[in-house]
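This report describes the helix packing, charged pairs, cysteines and model confidence of the structure shown below.

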Amino acid sequence: MDETVPRSKRDLKNGVALQRARLAKGMTLGDVVAACAERDCTIDPRNLSRAERNMGGIGARKVPVLLEVLGLSVEQLVP
């Protein structure tokens with residue numbers, strides 16, 4: 001298994017880092033969802049919002065695309 005990708009939704013713990021990165025780029029939730037969609041990755045904006053509040057998660061297969069869009073690394077999100 002690729003060690004650079006969280007193994008489950010619960011492994012993605014730092015929602016604050018997601019939100020800070022999104023806001024630093026001046027992006028709305030919709031902007032992030034659209035940028036992911038351009039990369040053939042569907043993320044529900046409600047799930048992204050929950051992930052930012054550490055109340056839910058993003059599927060492990062979608063995380064690499066989300067990180068690319070936000071310019072983050074896994075190390076910034078996994079404790």
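## Packing of α2 and α3

The crossing of α2 with α3 is right-handed. In this predicted model, the two helices pack at an angle of about 115°, and their axes lie 10 Å apart. On the α2 side, the contact is made by L29, V32 and V33. The α3 side contributes P45, L48, S49 and E52.

The spacing of such contact residues can be read against helix geometry. An α-helix has 3.6 residues a turn, so residues three or four places apart point the same way.

## Salt bridges

A search of the whole structure yields three salt bridges. In one of them, R22 pairs with E52, and the closest N and O atoms are 2.6 Å apart. R22 belongs to helix α1 (residues 15-24) and E52 to helix α3 (residues 45-52), so this pair ties together parts that are 30 residues apart in sequence. Both R22 and E52 are buried. E52 also appears among the α3 residues that make the contact with α2.

A further salt bridge joins E68 to R39, with 2.9 Å between the closest N and O atoms. Because E68 lies in helix α4 (residues 63-70) and R39 in the loop between α2 (29-38) and α3, the pair ties together parts that are 29 residues apart in sequence. E68 is exposed, its relative accessible area being 53%, whereas R39 is partly exposed at 35%. The remaining salt bridge is formed by the side chains of R46 and D44, at 2.6 Å from N to O. Here R46 counts as exposed, with 57% relative accessibility, and D44 as partly exposed, with 24%.

## Burial of α4

Helix α4 is mostly covered, since six of its eight residues are buried. The buried residues are V63, V65, L66, L67, V69 and L70. Their cover includes α1, α2 and α3. E68 of this helix, by contrast, is exposed.

After α4 comes G71, which has a positive phi, near 70°.

## Cysteines

Why does the search of the whole structure find zero disulfides? For C36, the closest cysteine sulfur is that of C41, at 5.1 Å, which is too far for a bond. The same distance applies when the pair is considered from C41, whose closest cysteine sulfur is in C36. A disulfide requires the two sulfur atoms to be within 2.5 Å, so the 5.1 Å between C36 and C41 does not qualify.

Are these cysteines buried or exposed? C36 is buried, with a relative accessibility of 0%. C41 is also buried, with a relative accessibility of 6%.

## Confidence of the model

The protein chain has a mean pLDDT of 84, and 81% of its residues reach 70 or more. Among the elements of the chain, α2 has the highest mean pLDDT, at 98, and α1 the lowest, at 91.

Residues 1-11 have a pLDDT below 50. Beyond near neighbours in sequence, this stretch has 16 contacts in the model. Where pLDDT is low, the predicted coordinates should not be read in detail.

Key:
Residues are numbered from 1 along each chain as its sequence is written. This is a predicted model: local features need pLDDT of at least 70, side-chain atom pairs count only at pLDDT 80 or more; totals for chains, interfaces and linings use all residues. Side-chain values use heavy atoms; hydrogens and water are left out. Buried means under 20% relative accessible area, exposed over 50%, partly exposed in between (1.4 Å probe, protein chains only). A salt bridge is a side-chain nitrogen of Lys or Arg within 4 Å of a carboxyl oxygen of Asp or Glu. Helices (H or I, at least four residues) and strands (E, at least two) are DSSP runs, numbered from the N terminus. pLDDT is the predictor's confidence in each residue, from 0 to 100. Contact means heavy atoms within 4.5 Å. Axes are lines fitted to C-alpha atoms, for helices over the stretch in contact, and angles run from 0 to 180 degrees between N-to-C directions. A crossing is left-handed if the near helix is turned anticlockwise from the far one by less than a right angle, and right-handed if clockwise.
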